[in-house]
Structures are given as C-alpha cells and as structure tokens.
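Me: I am in my first year and should like to study one part of this model closely. Could you choose a single part, describe it in detail and then show how it sits within the whole?

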Amino acid sequence: MTATPDLTGRLAVVTGASRGIGYFIAKQMAAAGAHVIAVARTVGGLEELDDEIKAEHAKTGKGEATLVPLDLADMAGIDRLGGAIHERWGKLDILVANAGVLGVIAPLGHVEAKTFEKVININVTSTWRLIRSVDPLLRLSDAGRAILLSSGAAHSARAFWGPYAASKAAIEAMGRSWADETRNSPLRINMVDPGATRTAMRSQAVPGENPDTLPHPSEIAARIVPLASPSMTETGMIFQAKHNRWVSYQMPA
C-alpha cells in the first residue's frame, strides 16, 4: 500500500481534518483528485487546509474542499451532515473517521467521570453516529471505502491508558461488525493503527519523548490514503501504518 491512488471524482469525509494525521489525509486525498468534506472543531486549521488545497488546485486542477466546522459532540450535527451530503451529492465514496481525544493518562480509579464520558462520547458514540449517518451514502458508491482510525492501545491495554484503550477497542469492534455486515457489497471497511506519530496528542500522552524520533503525520497519512482506492479489496482488517502492513484479527488463544 504505497502508490497514491487516483481519487478523481471521489467524495471523501475526513474528520479531525484541522491538524495532525487527519489534516494530511485530507490534503493528500484532495491532491489525488478527491473533493474532501473536511470536518473539525478548529476553524483556523480548516481554513489553512482549504488554502493549501486551493493552491494545489491552482497548479494541478485537482482537488477541492468543503469545510464543515463541527464539534463531534453535536450528535444532531452529525445527522445533519449526512443529510446535507445526500441532498448535494447523493452518495459518499470515502469516510475517514479520524477525530478523537486522549482523555488522561491515569489509573482507572482516578479518572473523573466527565473525562471518561467525553472519551467514549467523542471516540465511540460520535463514530457510531457518523457510521449511521453515512452508511446509506457509502452503499450508493460503486466502491465505498471506510477507514476508522484506531491505535495499538486497543490491544496492548497498557497501564494508565484504560479509557483511550477501551474507546479504540470499541471502534475496532464496531468496524469489524460493520465490515461483516457489508462483506457482500462493494463497501470495504478497515481499521488503521497509525503507530506513534509526531502529533499534539502523542506529545500530550508521552511528554518526555523526543518528537524528532517519530514519523511526521504527513508520512503516516501517505500510507493511509491508498486504503481509499477503488481497487483496494481488504475488509475487516487492521492496517498498521508504521509497518505498512495488513494484519488480521484472531480469536483469543
């Protein structure tokens, strides 16, 4: 999964598009020809993304963006997003559910209820709500692709990472069920473990780490974007971006 796909004419939703991995996925998908619906809370980051996509379009004629400032805690807003896409375009080709929050790195018994609830609400419930909103639109595509951002924390379940690990494990369980439901359709659904990346979330989680030892989010995005290709056939799997490889799920031994 290394070649940049031709996404000309494809319509993509990317959440968390104002910074980090989501920003560069949106930028690179637009450069590959997609019309990107960029969703994020931070208007400034979305406007910067739009400027870069417009500059690239002026040079190559490829890619466009529609900006959607939206807090994913606004569940009704997620529903409206699906309705607006249906009214304007009638289908969706690509979903990248990238947005998420870390919460805190702390013993489970020390995590405040409001913090735990926010992690589950943003990472899990809003992802389900997004799936529910765009699933009918993805099924109308000739080659719908859904990419759900997960984490190695879902499997390592390391000490002090409980809320975040639980939320990513839940995303993977939903994604696997969704992939099984759609296995006999053109829709392909996969999870991505990006690995440690030079992002604000990573610096929050591991403040003493030297960020220069980690890959830039643009590098990780370049490995994820090919999963949106119409020629991609895998479904219900995990793509480990750091190692550029697919891995399958196994039952407990």
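Reply: Helices (H or I, at least four residues) and strands (E, at least two) are DSSP runs, numbered from the N terminus. This is a predicted model, in which local features need pLDDT of at least 70 and side-chain atom pairs count only at pLDDT 80 or more, while totals for chains, interfaces and linings use all residues. Residues are numbered from 1 along each chain as its sequence is written, and side-chain values use heavy atoms, with hydrogens and water left out.

The part chosen here is helix 3, which covers residues 75–88. The expected span of a helix is 1.5 Å times one less than its number of residues. For the 14 residues of helix 3 this gives 20 Å, and the C-alpha atoms at its ends are 20 Å apart, so the two values agree.

Which residues of helix 3 are buried? Here buried means under 20% relative accessible area, exposed over 50%, and partly exposed in between (1.4 Å probe, protein chains only). Met-75, Gly-77, Ile-78, Leu-81, Gly-82 and Ile-85 are the buried residues of helix 3. Because these residues cover an arc of only 165° around the axis (taken from the directions from the helix axis to the C-beta atoms), they lie on the same side of helix 3. An α-helix has 3.6 residues a turn, so residues three or four places apart point the same way. The other side of helix 3 carries the exposed residues Arg-80, Glu-87 and Arg-88.

The buried residues of helix 3 pack against four elements: strand 1 (11–15), strand 2 (35–40), strand 3 (64–69) and helix 4 (113–139). After helix 3 comes Gly-90, with a positive phi near 80°.

Two of these strands are joined by a pair of side chains. His-35 lies in strand 2, and Thr-66 is found in strand 3. Their side chains make a polar contact at 2.7 Å; such a contact is a pair of N or O atoms within 3.5 Å, where, within protein, one must be able to donate a hydrogen and the other to accept it, and residues adjacent in sequence count only if both atoms are side-chain atoms. His-35 has 15% relative accessibility and therefore counts as buried; Thr-66, at 18%, is buried too. Contact means heavy atoms within 4.5 Å. Leaving aside neighbours within four places in sequence, the contacts of His-35 include Arg-88 and Trp-89. Thr-66, with residues up to four places away in sequence not counted, also touches Arg-88 and Trp-89, as well as Val-36, Ile-37 and Ala-38, among others. Arg-88, the exposed residue of helix 3 named above, thus returns in the contacts of His-35 and of Thr-66.

The whole protein has eight helices and eight strands. Its C-alpha trace spans about 50 × 40 × 35 Å along the principal axes. For 253 residues, a compact globule would have a radius of gyration near 18 Å, and the 17 Å of the protein agrees with this; the radius is taken over C-alpha atoms, and the globule rule is 2.2 Å times the number of residues to the power 0.38. Of the 253 residues, 50% count as buried. Among the contacts with a separation of 6 or more, 71% come from residues 24 or more positions apart.
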